Each structure stands twice: as C-alpha cells, then as structure tokens.
Amino acid sequence: MSTDDVLAGVGPRLRRIRKEREVTLAALSEATGISVSTLSRLESGLRRPSLELLLPIAQAHQVPLDELVGAPPVGDPRVRAKPIVRGGRTHWPLTRQPGGLQAFKVLEPQRKPAPDPRTHEGYEWLYVLSGKLRLVLGEHDVVLTAGEAAEFDTRVPHWFGSTGEGPVEFLSLFGPQGERMHVRARPARS
C-alpha cells in the first residue's frame, strides 16, 4: 500500500471515529485547538493529515495514532528460523530481517579448539546462558560463565568458543558490519 493510499484513508477513519464517539466537530475543535474548518477538510480529504494535526486528535479520542492512520496489524512476532550448523556450532537465528542488528542463540559443543583470532568491521555482544565461554580478545584471554556478558569492537582480533570443560550456550548480537566475513588478524606467512 502506498503512502498516498494510507493518507487517503485517514479522513474517512477520522470521521468514523468521531461519529462513533458522538463528538461534534465543534467539540473536537475545542478539545484539540484545531479549527472546525481544518477538521472538516481533514475528514473530507481536502487537507493532507500531518503529525501535528493527528496527535491532538488521537489524544482527544484516546486512541493510538496507528488507529487513525490505519497501520497494518502486526503479524506473528515469533521467529521460526531453522538452526544452522557451521563448524560444529549450532546457530539459531533470533532475527528475521537480513542487515541491521543480528541476534543468534549459539550452542558450542564440548571441545577444545585452538583459538584463531579474526577481525571484521562492527561491534559484537555475547551473553552466556549456560556453560563456560572462552573469549580471546586482543591480549585478553577470559572465561565467561552463565549470566556474564562481553561487548567489543570486532576490529580487535577476537575468538570465542568452548573451554573444553563442557558445551556452552550463549547469545551473540552484532551490528550491521558484523555480518561481514571474518578475515585473519595476523598476516599471511610468506
């Protein structure tokens, strides 16, 4: 639906809501401070609705603004993405839209891989749900336990995984640039 279509539906909706509440244009004018002629032109579609006009009308009628503009109903908010297994890790996407902030629940099996720090543009947040997560970040080598979080600039060489003492389950969130491919932090040997 185009913006023009949405705006064209505002006038009739304003009139319907006002009439359902048995409010006259004069009474609505008094409650909003908007002239009767402006309200009449809004309802008939001769005046383009603006936020400055719609907000006081929504307040006067005690309705959410989306009811006046006819915002589409929100669909089912649940994310039902299938798990992705990469390098032995299972990732459950917690966001539907590509780009923007991305969130994953991750299950890392019990293993003790050698850290292989990498870098990329962006920013990342980790939150441990259960188990122990080893985080190598620049010169730091730390273990996060359930309930602990870490945030860092992903341009700093980093790696995270199991401590080898058991599986670890954690949440991973990263900003738009964080979805770019990781590249090796150390130079290739010649």
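Biologist: In which loop is Gln-62 found?

Modeller: Gln-62 lies in the loop between H4 and H5 of this structure, which is a predicted model.

Biologist: Why is Gln-62 called exposed?

Modeller: Its relative accessible area is 72%. The term exposed applies over 50%, so Gln-62 with its 72% qualifies.

Biologist: What makes the phi of Gln-62 worth noting?

Modeller: The phi of Gln-62 is near 55°, a positive value in a residue that is not glycine. Most residues other than glycine have a negative phi.

Biologist: Which value does the phi of Glu-22 take, and where is that residue placed with respect to H1?

Modeller: Glu-22 comes just after H1 and has a positive phi of about 55°. The loop that holds Glu-22 runs between H1 and H2.

Biologist: Is Glu-22 buried or exposed, and what makes it so?

Modeller: Glu-22 has a relative accessible area of 74%. Exposed means over 50%, and Glu-22 is therefore exposed.

Biologist: How do you know what span helix H1 should have, and what are its end C-alpha atoms found to do?

Modeller: Helix H1 covers residues 3-20, which is 18 residues. At 1.5 Å a residue the expected span is 26 Å, and the end C-alpha atoms are 26 Å apart, so the two values agree.

Biologist: Where does H1 bend, and by how much?

Modeller: The bend in H1 is about 25° and is located at Gly-11; a proline, Pro-12, follows within four residues.

Biologist: Which residues of H1 are buried, and what covers them?

Modeller: The buried residues of H1 are Gly-9, Val-10, Gly-11, Leu-14, Ile-17 and Arg-18. Their cover includes helix H2 (25-32), helix H3 (36-44), helix H4 (51-61) and helix H5 (65-69). A general point is useful here: an α-helix has 3.6 residues a turn, so residues three or four places apart point the same way.

Biologist: Let us turn to the strands. What is the order of strands in the open sheet?

Modeller: The open sheet has six strands in the order S1-S2-S3-S10-S5-S8, and their pairing is antiparallel.

Biologist: Why are strands S1 and S8 said to stand at the edges?

Modeller: Strand S1 (84-86) and strand S8 (149-153) each have a single partner strand, so one side of each is left without a neighbour in the sheet. From one strand to the next, the twist averages 25°.

Biologist: What makes S3 and S10 a pair?

Modeller: Two strands pair if there are at least two bridges between them. Seven bridges join strand S3 (residues 102-108) to strand S10 (residues 168-174), and the two run antiparallel. Ala-103 has Leu-173 in S10 as its bridge partner, and Glu-108 stands opposite Val-168 in S10.

Biologist: How many bridges link S2 and S3?

Modeller: S2 and S3 pair over four bridges in the antiparallel sense. One of the residues involved is His-91, whose bridge partner in S3 is Val-106.

Biologist: Why is Arg-89 called buried?

Modeller: Arg-89 is found in strand S2 (residues 89-93). Its relative accessible area is 16%. Buried means under 20%, so Arg-89 with its 16% is buried.

Biologist: What joins the side chains of Arg-89 and Glu-108?

Modeller: A polar contact of 2.3 Å joins them. The cut-off for a pair of N or O atoms is 3.5 Å, and the 2.3 Å between Arg-89 and Glu-108 falls within that cut-off. Leaving aside neighbours within four places in sequence, the residues in contact with Arg-89 include Ile-84, Val-106, Glu-108 and Phe-160.

Biologist: What makes strand S9 mostly covered?

Modeller: In strand S9 (residues 158-162), five of five residues are buried. Five bridges join strand S6 (residues 132-137) to S9 in an antiparallel arrangement, and Leu-137 has His-158 in S9 as its bridge partner.

Biologist: Why is Val-142 described as partly exposed?

Modeller: Val-142, in strand S7 (residues 140-145), has a relative accessible area of 35%. Partly exposed lies between the 20% and 50% limits, so Val-142 at 35% is partly exposed. Apart from neighbours within four places in sequence, Val-142 is in contact with Leu-133, Arg-134 and Leu-135.

Definitions and conventions. Residues numbered from 1 in each chain as written. Predicted model: local features only at pLDDT ≥ 70, side-chain atom pairs only at ≥ 80, totals over all residues. Heavy atoms only, no water. Axes fitted to C-alpha atoms, helices over the stretch in contact; angles between N-to-C directions. Expected span 1.5 Å × (residues − 1). Bend = angle between axes of the 7 residues up to and from the residue. Buried < 20%, exposed > 50% of the residue type's maximum accessible area, 1.4 Å probe, protein only. Contact = heavy atoms within 4.5 Å. Polar contact = N/O pair within 3.5 Å; in protein donor to acceptor, adjacent residues only side chain to side chain.
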